Amino acid sequence: MKLRQLDALRAVAEAGSLHEAARRLFLTQPAISRSIRELEVELGVQLLTRSATGATLTPFAHQVLKRAFIVQREIERIAEDAQTARGERGGRLTLAITPPASTLALADTLIELKAARPTVKLDVIEWRGENIADGLRNGTVDVAIFTQYGEPKNATFEWTRLYELEVLLTIAASYQGSETLTIEEIHALPWLLLDSPSDESSFVPTLFGEHGMPLPEHITRCSSMNLYLELAMQMQAVAVFTSLAKPLLSQRADEGLLKLLNLTESTPKVGMYLAYSSEQLLTATAEDFIRRLRFKLDGRDAGRLPAGMPYNVSRVSAP
């Protein structure tokens, strides 16, 4: 199996025809066709369904491409490490985060990394936890920072817990009920969630699962953080935030835009996790990022505050 064969297969998948794939790779159509036929012979499985209108990949070929992408990304990482070995200050980092990971420490770390590595290709993506797990598995994500209730289970990636956060529950100011509720009372209310209610590692399944209760009957899910905050102030539904949002939520409560709720029972804490596919396969750029981030979070609560808001706090210095 050769890389040129996998490149040819990927080009056909993207282009939809052998002719267009050949044009994109600056090769002849017979050369593309020959590469794929050689791979089909080697594997003993058909990879393309050819027709007068083009070529499509078989289901098995799609599986081949998923693995080929991981191989290609690892080859790119070898090249990145070679750049570092030559003394070049570049590299590449694809970082996936959940909204609570958008902290002052993270912002400072990214700014510092960009200054230390002027040509670094930096890609920061805000995803939900389930998307991040997929990205770590298929190699599209180098490093991830995400929140989860309880430790990651059956994870195909390596992780470490950075710190824990308390949970805050809110409801729109138009709500006229008690602001201190039992688990049964809050279960009966409508809920507004960022995470999928089917995600067993998210807050609502964890909270009610600990009490042997099913999910609440009325759940609205909104994965947009900005829209979520607006809906939390307008809908009479219980919204879930981490304690990182306390300054903003307290301000909104003082302005009469929402109410903070209290539970008579304890609520599960959420862990902030750092993850990557393998510590041994981290690139020099990823290792540099992790080292700087850990330094800024080490015993410095100010670094955990949400980025993008005015604070009268001292920024932590570079390592």
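## Burial and overall architecture

A residue counts as buried when its relative accessible area is under 20%, as exposed when this value is over 50%, and as partly exposed in between. Phenylalanine 203, at 4% relative accessibility, is therefore classed as buried. The structure described here is a predicted model.

The protein has 319 residues, of which 45% are buried. Its secondary structure comprises 11 helices and 13 strands. Along the principal axes, the C-alpha atoms fill a box of roughly 75 × 50 × 30 Å.

## The annotated N-terminal region

An unreviewed UniProt entry carries the annotation "domain: HTH lysR-type" for residues 1-58. Over these residues the chain is 62% helix and 14% strand. The C-alpha atoms at the two ends of this stretch are 18 Å apart.

Helix α1 spans residues 3-15 and includes leucine 3. Leucine 3 has a relative accessibility of 41% and so counts as partly exposed. Together with Val71 and Ile75, Leu3 makes a nonpolar surface patch of about 210 Å².

## Aromatic pairs

A pair of aromatic rings is described by the distance of the centres and the angle of the planes. The structure holds seven such pairs. In one of them, phenylalanine 146 and tyrosine 273 have ring centres 5.8 Å apart and planes at 25°, so this pair is stacked. Phenylalanine 146 belongs to strand β5 (residues 143-148) and tyrosine 273 to strand β13 (residues 270-276); the contact therefore ties together parts that are 127 residues apart in sequence. Both phenylalanine 146 and tyrosine 273 are buried.

Tryptophan 191 and phenylalanine 203 form a tilted pair, with 6.5 Å from centre to centre and 40° between the planes. This pair links distant parts of the chain, 12 residues apart: tryptophan 191 is in strand β9 (residues 191-193), and phenylalanine 203 is in helix α8 (residues 203-210). Tryptophan 191 counts as buried because its relative accessibility is 0%. Its partner, phenylalanine 203, is likewise buried, at 4%.

## Aromatic cluster and a charge over a ring

Which residues form one aromatic cluster with Phe146? The other members are Phe157, Trp159 and Tyr273. The cluster thus includes both residues of the stacked pair, Phe146 and Tyr273.

A contact between a charge and an aromatic ring involves tyrosine 163. Arginine 304 lies over the face of tyrosine 163, at 4.1 Å from the ring centre.

Methods: Residues numbered from 1 in each chain as written. Predicted model: local features only at pLDDT ≥ 70, side-chain atom pairs only at ≥ 80, totals over all residues. Heavy atoms only, no water. UniProt positions renumbered as here; feature names shortened; annotations may be inferred. Helix = DSSP H or I, 4+ residues; strand = E, 2+ residues; numbered from the N terminus. Patch = residues over 30% accessible without salt bridge, like charges linked within 9 Å, V, L, I, M, F, W, Y side chains within 5 Å. Areas by Shrake-Rupley, 256 points an atom, 1.4 Å probe, with all protein chains shown as cover. Salt bridge = Lys/Arg side-chain N within 4 Å of Asp/Glu carboxyl O. Buried < 20%, exposed > 50% of the residue type's maximum accessible area, 1.4 Å probe, protein only. Phe/Tyr/Trp six-rings, centres within 6.5 Å; stacked < 30°, edge-to-face > 60°. Lys NZ or Arg CZ within 6 Å of the ring centre and 35° of its normal.
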